[in-house]
Amino acid sequence: MTPAELLQRLIRFDTTNPPGNEEECIAFVRGVLEDAGCEPELYAKDPARPNLVARVPGKGKSPPLLIQGHVDVVTTSGQDWQRPPFGGDLVDGEVWGRGAIDMKGPMAMYISAFVRAARGELEPPGDLILVVLADEENGGDFGAKFLVNVVPSRIDLELDGRLLPGFTPDDLIAEVRELIGDYIEFELVRHDSGPSDPDYTHFDMLGDVLRELDPEGIPMPLLQGGVTDARFFSQLGIQTYGFMPMRLADDFPVLRLVHAADERIPVAALAFGTEAVCRVLQRF
Ligand SMILES: [Zn+2]
């Protein structure tokens with residue numbers, strides 16, 4: 001199965017979250033991994049919403065590399081799509097569908113590369129741990145938050161804010177209070193702190209891989225405005241890099257397509273990304 005075919009299959013599972021219903025999608029991934037000789041484990045807070053963990057042993061020269069991502073997607077309701085969002089259509093070299101970029105496309109890259117490692121076609125210096133998560137798009141309570149066994153804080157959001165590094169919830173509340181006034185009471189119901197200091201150990205290696213495959217490319221760090229499961233893994237001291245390599249035409253509206261209608265990814269970008277991930281899996 002090519003990465004593009006794998007992505008088509010992943011898109012066809014409607015894992016709109018809520019409610020998620022990731023079970024069938026995760027079962028499919030499990031089958032793909034078992035065919036490659038892996039013995040994946042499932043961990044579920046709710047049986048309809050399992051998370052998958054698989055491991056490929058490395059050569060013991062590096063610490064393990066965690067490759068994690070999610071298979072739930074955000075809603076398509078109210079959006080006007082030119083193609084069925086769960087059709088996984090391949091049209092003019094692009095795979096269309098909800099999740100093509102966020103993030104079943106990257107998952108297709110990761111799983112394809114992981115399968116190559118499981119089959120002995122790659123030589124990872126350390127163990128590879130693949131984690132396929134549920135519930136990234138709606139808080140992570142059934143996904144990463146459950147899986148890393150972190151003591152849960154409560155969520156009951158009236159206001160959902162994003163903090164820049166170095167800012168605290170108090171800063172946010174003070175700013176909102178200034179705008180709204182004192183007559184409203186604020187209660188902090190949830191705060192998952194991010195990493196205090198980023199660890200860029202692997203940045204140069206990731207940049208090297210990108211430059212090899214795209215000599216005109218200029219690797220640079222990016223501050224993303226969205227929230228991801230990385231905040232949970234950071235509580236275990238694990239640095240997330242958000243490495244989802246795609247070489248795209250200048251006019252391909254990648255950022256506009258995330259969480260939006262007509263989300264899709266070029267097959268060539270999937271192949272590019274899979275090759276990049278394969279190289280990374282041998283160098284960390
Ligand atoms: Zn998302």
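This is a selection-by-selection tour of a predicted model.

**Whole chain**

Start with the full chain, coloured by secondary structure: nine helices and seven strands are present. The radius of gyration is 19 Å, close to the 19 Å that the globule rule gives for 284 residues, so the chain is as compact as a globular protein of that length. Turn the C-alpha trace onto its principal axes, and the span reads about 65 × 45 × 45 Å. Of the 284 residues, 35% are buried. If you draw contacts between residues at least 6 apart in sequence, 76% of them join residues at least 24 apart.

**Confidence**

Next, colour by pLDDT. The chain average is 92, and 96% of the residues score at least 70. Select residues 150-155, where the pLDDT is below 50; this stretch still has twelve contacts in the model beyond near neighbours in sequence. Where pLDDT is low, the predicted coordinates should not be read in detail.

**The nonpolar core**

Now select Leu7, Leu10, Tyr110, Phe114 and Val132. These are the residues with the most contacts inside the largest nonpolar core, which has 56 residues. Extend the selection to helix α3, residues 104-118, which gives the most to this core, with ten residues. In soluble globular proteins, nonpolar side chains tend to be buried together.

Stay on tyrosine 110 and show its surroundings. Which residues is tyrosine 110 in contact with, leaving aside its neighbours within four places in sequence? They are Ile67, Gly69, Leu130 and Val277.

**Strands β1, β2 and β6**

Move to β1 (residues 41-43) and β2 (residues 51-56), an antiparallel pair with three bridges. Within it, leucine 42 has leucine 52 of β2 as its bridge partner. Then add β6, residues 128-133. The β2 and β6 pairing is also antiparallel, over five bridges. Here leucine 52 appears again, with valine 132 in β6 as its bridge partner. Valine 132 is also one of the core residues selected above.

**The β4-β5-β7 sheet**

Hide those strands and show an open sheet of three strands in the order β4-β5-β7, with antiparallel pairing. Its edges are β4 (90-91) and β7 (264-266), each pairing on one side only. β4 joins β5 (residues 94-96) through two bridges. To locate this pairing, pick valine 91, which stands opposite glutamate 94 in β5.

**Helix α6**

Select residues 203-213, which form helix α6, and mark Leu206, Val209 and Leu210 as its buried positions. Look down the axis: the buried residues of α6 fall within an arc of 95 degrees, so they line one face of the helix. Asp204 and Glu212, on the other side of α6, are exposed. What do the buried residues of α6 pack against? Their partner is α9, residues 267-281.

**Glycine 139**

For the last stop, select glycine 139 in the loop between β6 and α4 (144-147). Is glycine 139 buried or partly exposed? There are 19 other C-beta atoms within 10 Å, and a buried residue needs 20 or more, so glycine 139 counts as partly exposed. Finally, draw a distance from its C-alpha atom to that of proline 266: the two are separated by 29 Å and lie 127 residues apart along the chain. Proline 266 falls within the range of edge strand β7 (264-266), which links this stop to the open sheet shown earlier.

Notes
Residues are numbered from 1 along each chain as its sequence is written. This is a predicted model: local features need pLDDT of at least 70, side-chain atom pairs count only at pLDDT 80 or more; totals for chains, interfaces and linings use all residues. Helices (H or I, at least four residues) and strands (E, at least two) are DSSP runs, numbered from the N terminus. The radius of gyration is taken over C-alpha atoms; the globule rule is 2.2 Å times the number of residues to the power 0.38. A residue is buried if 20 or more other C-beta atoms lie within 10 Å of its own, exposed if 12 or fewer, and partly exposed in between; C-beta atoms are placed from the backbone. Two residues are in contact if their C-beta atoms, placed from the backbone, lie within 7 Å. A nonpolar core is a set of buried Ala, Val, Leu, Ile, Met, Phe, Trp, Tyr and Cys residues joined through C-beta atoms within 7 Å. Two strands pair if DSSP finds at least two bridges between them. pLDDT is the predictor's confidence in each residue, from 0 to 100. The arc is that of the directions from the helix axis to the C-beta atoms.
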